[in-house]
Amino acid sequence: MLYTTILAVMSMLLTIVGVSALGLAQHHLTVLAVAIPALWLLPQGGLPAVLLLMGIGMFGAVLPFQPLALSVSLLMMLPVLTISFSPRGNWQVAALLFAVVIAMDAGLLALQGEAKLAGQAGYTLLQVLAVCFIWLAARYWRPVRANYGWPLLLAVPLWLGGLASAALVVLCIIGVIVALQTLYQQNQLVWVSRLNWVLPAIAFATLVVIPEFDVPNPVLVAWLLVLGSASLAEYLLNEFESS
């Protein structure tokens with residue numbers, strides 16, 4: 001139990017550190033930063049690893065051109081998708097949840113189209129698709145026995161090249177994947193399910209709390225409404241299941 005708690009706390013801390021470093025590395029992410037997790041995951045990860053890397057690659061490719069808060073807020077799509085396609089799901093609840101999410105995203109896209117919010121609507125849609133790929137990868141993920149450690153050494157050139165923040169982001173991503181994979185291997189599915197909620201929430205909350213980061217009001221409102229709607233949807237599913 002203690003080891004499980006340590007892994008969960010470690011994933012939360014790595015999320016906070018990773019998002020903080022992402023604010024510094026946002027405009028300096030390189031192909032090598034994506035290649036490191038690719039080389040680390042692909043040898044044994046199979047199709048889910050490919051989907052995960054596609055998602056990370058697509059998300060990171062447009063990250064320099066988007067408001068960081070907007071990009072991070074889109075990660076709340078992970079619990080939304082999990083609830084909507086849960087085996088115990090209810091199509092009415094899923095439809096209501098998707099209606100809220102679509103309305104919020106449409107509002108943000110409209111603001112970007114009118115140049116009232118930084119970034120581009122096309123990039124936002126691409127990041128939404130990337131999050132869907134990441135969710136699919138997580139849904140069908142099968143933990144591997146061991147990952148090759150040598151690709152992590154590729155973070156050293158990033159560090160020595162003055163891209164320490166980018167290297168830290170990559171290592172934090174891999175660290176979170178290791179923690180979640182270990183919890184999965186130990187059959188701690190309740191923890192994995194909870195962290196599916198907690199990690200995206202912590203990531204965005206980190207940006208809200210740290211004064212150096214700018215969180216536009218429309219993004220904050222949209223995130224709060226999606227978070228509240230997802231929480232309500234999960235509560236309703238629990239009520240349906242217990243009745």
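Start by selecting Gln 127, which sits in helix 6. This is a predicted model, so keep the confidence colouring handy as we move around. Is Gln 127 buried or exposed? Its relative accessibility is 0%, and with the cut-off for buried at under 20%, Gln 127 counts as buried. Now show what surrounds the side chain and backbone of this residue. Setting aside residues up to four places away in sequence, Gln 127 touches Phe 59, Val 62, Leu 63, Gln 66, Ser 71 and Leu 74.

**Zoom out to the whole chain**

Switch to a cartoon view. You will find 10 helices and zero strands in the protein chain, so the run of elements from the N terminus is α-α-α-α-α-α-α-α-α-α. Of the 243 residues in the chain, 43% are buried. The accessible surface comes to about 12,100 Å², and 72% of that belongs to carbon and sulfur atoms. Among contacts with a separation of 6 or more, 80% join residues 24 or more positions apart.

Next, colour by pLDDT. The mean for the chain is 83, and 87% of the residues reach 70 or more. Which elements have the lowest and the highest mean pLDDT? Helix 2 has the lowest, at 75, while helix 3 (residues 68–73) has the highest, at 93. As a general caution, where pLDDT is low, the predicted coordinates should not be read in detail.

**Into the core**

Select Leu 52 and Leu 207. These two have the most contacts inside the largest nonpolar core, a set of 49 residues. Helix 2 (residues 31–61) gives this core its largest share, eight residues. Apart from this core lies another one, of seven residues, including Leu 7, Ala 8, Leu 195 and Leu 199. In soluble globular proteins, nonpolar side chains tend to be buried together.

Now centre on Leu 52 and display its surroundings. Not counting residues up to four places away in sequence, Leu 52 touches Leu 41, Ile 134, Ala 137, Trp 141 and Ile 177.

**An enclosed helix**

Move on to helix 4, residues 77–84. Why can this helix be called largely enclosed by the rest of the structure? Seven of its eight residues are buried, so the rest of the structure largely encloses it. To see the buried ones, select Met 77, Leu 78, Pro 79, Val 80, Leu 81, Ile 83 and Ser 84.

Just beyond, pick Arg 88, in the loop between helix 4 and helix 5. Arg 88 is partly exposed, with a relative accessible area of 33%. Draw a distance from its C-alpha to that of Phe 240: the two are 9.0 Å apart in space, although 152 residues apart in sequence.

**Helix 1 and its partners**

Turn to helix 1 and select Thr 4, which is found there. Thr 4 counts as buried, at 4% relative accessibility. Leaving aside neighbours within four places in sequence, Thr 4 is in contact with Leu 183, Gln 186, Gln 188 and Trp 191.

Then jump to Ala 203 in helix 9. Ala 203 also counts as buried, at 3% relative accessibility. Which residues is Ala 203 in contact with, leaving aside its neighbours within four places in sequence? They are Thr 15, Val 19 and Val 72. Add Met 12 to the selection for one more distance: C-alpha to C-alpha, Ala 203 and Met 12 are 8.6 Å apart, with their positions 191 residues apart in sequence.

Stay with helix 1 (residues 2–25) and find Val 9 in it. Val 9 is partly exposed, with a relative accessible area of 40%. Select Leu 13 and Ile 16 along with Val 9, and turn on the surface: the three form a nonpolar patch there, with about 240 Å² of accessible area together. In an α-helix there are 3.6 residues a turn, so residues three or four places apart point the same way.

**Two loop residues for the backbone view**

Finish with the backbone torsions. Select Ala 115, in the loop between helix 5 (91–113) and helix 6 (121–139). Ala 115 has a positive phi of about 60° although it is not a glycine. At 68% relative accessibility, Ala 115 counts as exposed.

The last stop is Asn 187, in the loop between helix 8 (164–185) and helix 9 (189–209). Here too the residue is not a glycine, yet phi is positive, about 65°. Is Asn 187 buried or exposed? Asn 187 is exposed, with a relative accessible area of 58%.

Definitions and conventions
Residues numbered from 1 in each chain as written. Heavy atoms only, no water. Patch = residues over 30% accessible without salt bridge, like charges linked within 9 Å, V, L, I, M, F, W, Y side chains within 5 Å. Areas by Shrake-Rupley, 256 points an atom, 1.4 Å probe, with all protein chains shown as cover. Salt bridge = Lys/Arg side-chain N within 4 Å of Asp/Glu carboxyl O. Helix = DSSP H or I, 4+ residues; strand = E, 2+ residues; numbered from the N terminus. Buried < 20%, exposed > 50% of the residue type's maximum accessible area, 1.4 Å probe, protein only. Contact = heavy atoms within 4.5 Å. Core = buried A, V, L, I, M, F, W, Y, C linked by side-chain atoms within 4.5 Å. pLDDT = per-residue confidence, 0-100.
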